Amino acid sequence: MEQTIDVFAQLLVSGLLAGLLFALVAVGLTLVYGVMDVVNFAHGEFLMLAMYAAFGLALLGLQPLVALPLVVIAMFFFGIVVYRLFIRRLLAGPPEATVFGTFGLLVLLQGLAQALFTSDFFSIPNRPFAQTLHFGSVSVGAAAIVEGIGALVLTGALFAFVEYTETGRALRAVSEDRIAATLMGIDVGRMNAVAFGIGAACVGAAGTLLMLSYPVYPRVGADFALTAFVVVALGGFGSVQGALVGALLVGVLEVFGGFYLAPEIKMVPVYLAYLVVVLVRPQGLLGRR
Amino acid sequence: MSEPILRVRGLTKQFGSLRALDGVDLDVTAGALTGLIGPNGAGKSTAFGCIAGALKPSGGSILFAGTEIAGMAYHRVAHLGIGRTYQVVQTFADMTVLEATTTGALMRHPRVVDATAVAEEILSFVGLADKRRQLGRALTIADKKRLEVARALAIEPQLLLLDEVMAGLTPRESQAAVVLLRAILARGITILMVEHVMEVLMPIADHVVVIAAGRTIFTGDARAAVRDPAVIEAYLGPRAAALHG
Amino acid sequence: MRRLILTGLAAILAFSTLPSASISAADGPEIKIGSILPLTGSSAQTGAGLKAAQQLAEDLVNGHISYPLPMAGARGLPNLGHAHIKLIFADSQGKPDQAKAAAEQLITQEKVVALIGAYTSSTTATASQVAERYGIPFLNPSSANPKLHLRGFKWFFRTTPHDGIFSENFFAFLADMKKKKNISVKKLAIVYEDGLFGTGSADAEEETAKKFNYEIVAKIPYSANTTEVTAEVQKIKAAKPDVILITSYLPDSLLYMKAFKEQSVDVQAILAQDAGFIDPGFLRTLGKEANFVFTREVFSLDIKQRNKSVPLIDQLFRQRFNNAPLDGNTARDIMGVLVLADAINRAKSTQPDAIRTALQQTDIPGERTLMPWTRIKFDATGQNTFGAGIIEQILDQKYETIWPFAVSVKEPIWPMPAWSKR
Amino acid sequence: MKTIARDRNVLTLIGLLVIGVFAAFGVRDVVVLDLLFTLLIYAVLGQSWNWISGYGGNISFGHAIFFGCGAYAAAIATARFGISPWFAFPLGAAVAAVLALAVGYPTFALRGHYFSIATIAVGALVETFVKTQPYLGRANGFELPIANGFAALQFTEKWPYVLLALALFAIAQAATIGLERSRLGYYLRALRANYGAAASVGIDERRWKLIAFAGSAVLASAAGVLYAQYTLFVDPSSTLALPISIDIALVGVVGGIGTVWGPPVGALVYVFLAKAVALKLGGAGKGYDLVIYGALIVAIAAVRPSGIVGAAIEALRRRRAVREAGG
C-alpha cells in the first residue's frame, strides 16, 4: 500500500513537472493566438531554432541560464521579422491562408534546419543540473526543477505584462475588439508584431531551458508543438493562465494514463480530453467568451 | 388586432460584465412594418441578433408564430421563417449576385435549378436582375444592401429583419428603398426594421418600439414617439439621464 | 502571377547549379548494378552515407589496390574481361511505392543485371517484389526485418543478420556470461519504440526469450517522439526485471537513461539495440552516466584484430564522406557490393540465372569481411546464416567490444553498480 | 457564359480521359506508367482534401488516415479475410467516413483551427492505434498476398492499374464538377465566405461540412485501396503518417484550393518536383526537398493563396473584365 502511494506521488510530481515543461512551450502560442486570432503552426519550429541557438551559444561557453537573455532577445526580433515579412501578408488573405501558410513555414524551417545542421541530435556538453534530487520517496532531476521554475516565472511574467503594463493593455484591447482598438488609436499592426515577437521570445526562453534536458534536432519542435496546441485549446485560446492549467492537466493525464492504463496509449486520454473540451466547452477551461 | 407574429418579453443579454439588454419587450404585428429605434449603444443590434438567432440571449422569451426561439440555433431560426440583413453588409464575396441569392433559395428548394429560378424572380423583384452576373463584392453599397434583402427574401420568410438598410444611402436611393419595402409588405411579409434615424421610419412604419440602455421605453405610433418625453430624453438628454430613465 | 513564375524559375535554377554527386565513369565494357537507396526524404542522410559507401566499394572492385576483401583490387571482374562494375542509383524517397518504381526503372530501362538495396525494410520489401517478378537477383545488405527472407522468394539474398539473429546474440551472450561469470538472469523487461525498428527487435527478443525459458515481466512499447517517460519507467521498476532489453532512438534513449537514474531503477544490466545508444550524442550528453550500458553493434573498428583492412577502409570512407567514420550501415553496404561483384565474376556471365547460382554458391570466410561474421553463405531462403552482431559495453565513457569473446578487448562489468553507489 | 464554363470542365475531363486511356494502352514504358499512376492517385487525394479544405475552408493535416483506411482495408481483406479487395472499397469507406464524422462533429461548429488541430491529433492517435494492434500488423504492416486478375485487383502489367486510377480520377473530377453545381457546393462556398450570413439563410454548418468531409474521406479511402493493390505493401509510415498528410495538403494548396482543376495541377507540380529534387539533389542527404516544398507553400500563401489554378482563374477574369470594359 505504502508503495502504491509512493508510486502515485512520484507520478503526480513527474506529471506536474512535465506539465510545466508543456506550459513553457505553450504560453507564447496562446498569446499570439489571443491577440492575432492566428494559430502559428510553426510554433514548434521556433522552439527548435531557439534550441539550436542555445546549443550554439553553449559551444561558445555560455551555459543556458547565461545565454537565456540573448536567445530571448534574438527570438523577439526574429518573431518581428517573420511577422513583417510573412504573417502580415497572410492576415490579408483568406482565413485558411494563415493555417496553411504557417504550416508551410513549419516545413520550410524543418527543411532548412536539416540542410544546415543535418538530422543529427545535438545536446550541450557538460550539462549543468544533471544531479538527481530526492524528496522522501519522490526523486526528480534538477534540470526538471529549473525548467519548472522557469515555466512558472515565464507564465507569471507574461501574465503581469499583459495585465499591468501599457503595452499589455493595448494587446488586450486588440485581442478583445480589433475595430474598437483601432478607433482608440492603437496601431493594430504594431501590436500584432509585438505579440508575435513576444510569442517568439517566450519560445526562445523555452528552447534555451529545454536544452538542459533534451537534445535538439530538426523535428524536435514537432514533438512538443502538438502537445502545445492541445494545451492551448484545453486552457482556452488566448488565456495565459489557461495555458498553465491546461499544461499541468495534460502532463498529469499523460503520466497517469501511461501508468494506470497502458504506456502505448498514454496520449489517448490527452487527445480525448481535447475533443471533449472542444465539444462541451469550446472556449476552453479558463477561456472567456 | 390579431395576435402578434413575434412577441419578445423581458429579453436580456450579458456580455461579460456588460449588460447590453436589460429587459426588452416588443411585439410585431403580422403583415405590418414595425420600427425598432434607439440611440447609439441602446442595444438595437443586440436585440436584433438575439431574435435572428445569431446571439444567445441570457434571459427572456422570444415567441415567433407560437414557437419559443430564444437560444435556438441560428440556422433553425431561418428555417422557421425569419430572414435578416446585416448592418455591415455580409456578402458572399466570391459569389455572383445570382449565386448568392440562389444560396438563400436553396433552403426551400433543394434542387439548384429550382432555386435559381426562384432567385431570378427575386432579383427582378428587388431590381438587381441586370446585375446578376456581377460578383457580390463589386457592387455599390446600395446594391449590396439590395442583394442582402434579396438573399433574405430568397428563404421565403414570414418575418424579415432589416438592420439599418437605409443607412448610407443617398436620398434618391432611400426613396427607391421605401418603394421596395412597400412591395415586400404587399407580398404579405412582415418587417421588423432597425433604424438609428427616426425620420427614415416615419413615413413607412406602422408602429415603433424605442429602446434605450437595453430597455424598451416606448411602444406605439411613430408620430407619438417623437413627442414622448422619455424618448426625447433618451435621444437628446445627457446619457446619465437616459440611464435613470 | 509573373512573380510566382520567376520564383519557380529561380528555384529550379538554384538547384540545377548545385553540384550533383558524380557517378564514377569507367572505360571499357560496364556491368550495371542497380542500387535503390533513400536519397531524399526522412532517411536521406543515411542514404547519402550508403551511396558513398557503395561507390567506395565500386571503386575498390574497379581499382587495383588489393585488400583482404573479396574482389577488392581486382581491376573489374577478371572473368568478364576486367569489365568494370557500374552502380546506377535510384531514389526510393524512403517510400515503399517509390522503391518499387525505382526497381522497375532500373530493371526495364537501365537493364541492370542485379539490384542492391534498399536500407529500410519496407522499401526492401517492395523493391525485392519487383526483382522477384522480373527474375533479377536482389541483394539486401542492411535491412533487419526478420520476415523478409521468409517470403519464399527465389531471387532474394540477404547478407546481414536480421533482428532474430541479433536477438539470439543477446541470449548467447547471456549464456556465455552464465558460464563465465556465473550470473543468474531470469526476468526480462522489453522496452521498445513502436516503429518498424523497435517492433521488429522486440518481437524477436520476445520470441527468443521464450525459447530459452526466460520470463518476460514487462513488454512496453512507446512512441519515439514522446517527451516524457515516467509512467513507462515506473512500470519497469514495478516489474523488477533482472535485465532491461531496450530499443530506442537518441532522444528517447536519453529520456530513459535519465529516468532510470532518477527513479533508481537498479538492474543487473541494460542491453540495448544500437541506434540511440550508439549515437555520438548518447555519450556526449550523458557522460559517465552512460557507463555500464551494453549495446548490440553491427560493426566496430575493433574488428581490425581480424581483418587489417578495416582501418584503411575507414580512412578511405572518411575521405569521401565528410570525415564520417565507417559504421554498421556503411560497412554492410560495402560488403554487399563486394559480395555481388564476387558472384557476378564467378558467374562468368551477366545472365540472371547464372548470377543467382553463383550467389547460392557464395562462401566467403569471415576473415575476408569487414564484419564480425563467421562467413557469408546463404541458406535456401537466401539468408546468410553466419552473420552475428557484437556486444559492446560503455566503460569509462568508451565503447569497448566485450563479446564475442574472440574479438573482445575488455572484460565486461556485471552487474552494473547501483545508481546510488556511482 | 456560365453554361460554357461548366461544359468546359466536362470537356476538359473527357479530353484528359481520352489521352489517359491512350497512354495506358499505348505507353509501354513502366516508368512513365508508374508516374502516371502516382500522378492520378495524388490528384484524387488532392481532390479529396480539396473538398473539405478547399471548398469547405477547413484545413486538414490528417488526410493520410483516410488514405490509410482504404489501404488497410485492402490489406485486411486480402491478408486476413482472404476475400476480394473489391470489398475493401465499402469497408475502407465506412471506416473513413466514421472517422471523419468523429473528427468533424465536435469541431465543425467552431472556427477552423480547432478542426486543423483535431486532424493532427486524431492522425497521431490512429497511427498509434495501428502501431499497437497485432491484428493490424503494428509497425511491420502487411505484404499483400500475390494474386492475379480483375477479381483479385492485381495485375502483372501496369496499364490496368493506370486505367483503374484513371477511372477513380474521373469519378473524383466528375463528383467535384457536380459538387460545384449542387446545393452542397453552394453551401460550402457560402460558409467559407461568411459563416454568419450562411447561417442566416438556414445553412447548418456542421451538417453540410460533415457531408463534405465524409465524402472527402471516402474518396481518399478509395485511392488507398488502389495504392495498396498497386504497391502490395501497407504499413503505417507509408500510408498513415503525418508526412503523407503533408504531401496531400501540399498537392491541394499548390494547385489551387476550391477549384476543380487545382488538385490535378498540384499533383503534376508535386510529382514533377519530387522527381526533379531526387534527380538534382538526391544523395546530398540534406533536407532540400522539405525546403522546396515549404518555400512553395509559404510563397503561395503569401502571394497567391488561391494557388496556381486560382491565380489563373483570377487572371482570366481580369482580362475578360478589361475586354468587356474596352468593348
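User: To begin with chain B, how many helices and strands does its secondary structure come to?

Analyst: In this predicted model, the secondary structure of chain B comes to 10 helices and 10 strands.

User: How should I read the radius of gyration of chain B against that of a compact globule?

Analyst: The general idea is to set the value beside the one expected for a compact globule with that number of residues; for 245 residues this would be near 18 Å, and because chain B has 18 Å, the two agree. The extents can be read alongside, since the C-alpha trace of chain B spans about 55 × 40 × 40 Å along its principal axes.

User: What percentage of chain B is buried, and what percentage of its contacts between residues at least 6 apart in sequence join residues at least 24 apart?

Analyst: Burial is judged here by counting neighbours, with 20 or more other C-beta atoms within 10 Å as the cut-off, and on that basis 48% of the 245 residues in chain B are buried. Of the contacts in chain B between residues at least 6 apart in sequence, 65% join residues at least 24 apart.

User: Which domains does the assignment give for chain B, and how are the segments distributed?

Analyst: A domain may be written as several segments, as in domain 1 of chain B, which is assigned residues 1–81, 159–168 and 190–245, whereas domain 2 of chain B is assigned residues 85–156. The C-alpha centres of these two domains of chain B lie 26 Å apart, and nine residues of domain 1 of chain B are in contact with nine residues of domain 2 of chain B. On the domain 1 side of this interface in chain B, the elements that give two or more residues are α2 (74–80) and β7 (159–163) of chain B, with the largest share, three residues, coming from β7(B). By class, the residues of that side of domain 1 of chain B divide into four nonpolar, three polar and two charged.

User: What does the domain assignment give for chain C?

Analyst: For chain C, domain 1 is given as 24–161 + 305–376 and domain 2 as 164–297 + 390–421. The centres of domain 1 and domain 2 of chain C, taken over C-alpha atoms, are separated by 31 Å, and 10 residues of domain 1 of chain C are in contact with 10 residues of domain 2 of chain C. The side of domain 1 of chain C that touches domain 2 of chain C has four nonpolar, five polar and one charged residue.

User: Do strands β6 and β7 of chain C run parallel or antiparallel, and what handedness does the crossover between them have?

Analyst: Strand β6 (residues 187–193) and strand β7 (residues 215–222) of chain C run parallel and are joined by seven bridges, and C:Glu193 has C:Tyr222 in β7(C) as its bridge partner. The chain passes from β6(C) through helix α6 (residues 196–211) of chain C to β7(C), forming a right-handed β-α-β crossover.

User: Turning to the assembly, which chains have the most contacts between them?

Analyst: The size of an interface is often given as the accessible area lost when the parts come together. Here contacts are counted instead, and among the five pairs of chains that touch, chains A and D have the most contacts; 37 residues of chain A are in contact with 34 residues of chain D. On the side of chain A that touches chain D, α3 (64–92), α4 (95–117), α9 (220–235) and α11 (268–280) of chain A each supply at least two residues, and α4(A) gives the most, with 16 residues. That side of chain A has 28 nonpolar, six polar and three charged residues.

User: How far apart are the closest C-alpha atoms of chain B and chain C?

Analyst: The closest C-alpha atoms of chain B and chain C lie 19 Å apart, and no contact joins these two chains.

Methods:
Residues are numbered from 1 along each chain as its sequence is written. Chains are lettered from A and ligands numbered from 1 in the order in which they are written. This is a predicted model: local features need pLDDT of at least 70, side-chain atom pairs count only at pLDDT 80 or more; totals for chains, interfaces and linings use all residues. Helices (H or I, at least four residues) and strands (E, at least two) are DSSP runs, numbered from the N terminus. The radius of gyration is taken over C-alpha atoms; the globule rule is 2.2 Å times the number of residues to the power 0.38. A residue is buried if 20 or more other C-beta atoms lie within 10 Å of its own, exposed if 12 or fewer, and partly exposed in between; C-beta atoms are placed from the backbone. Two residues are in contact if their C-beta atoms, placed from the backbone, lie within 7 Å. Ala, Val, Leu, Ile, Met, Phe, Trp, Tyr, Cys and Pro count as nonpolar, Asp, Glu, Lys and Arg as charged, and the others, Gly among them, as polar. Two strands pair if DSSP finds at least two bridges between them. A crossover is right-handed if, with the strands pointing away from the viewer, the path from the first strand over the helix to the second runs clockwise. Domain bounds come from an automatic or database domain assignment.
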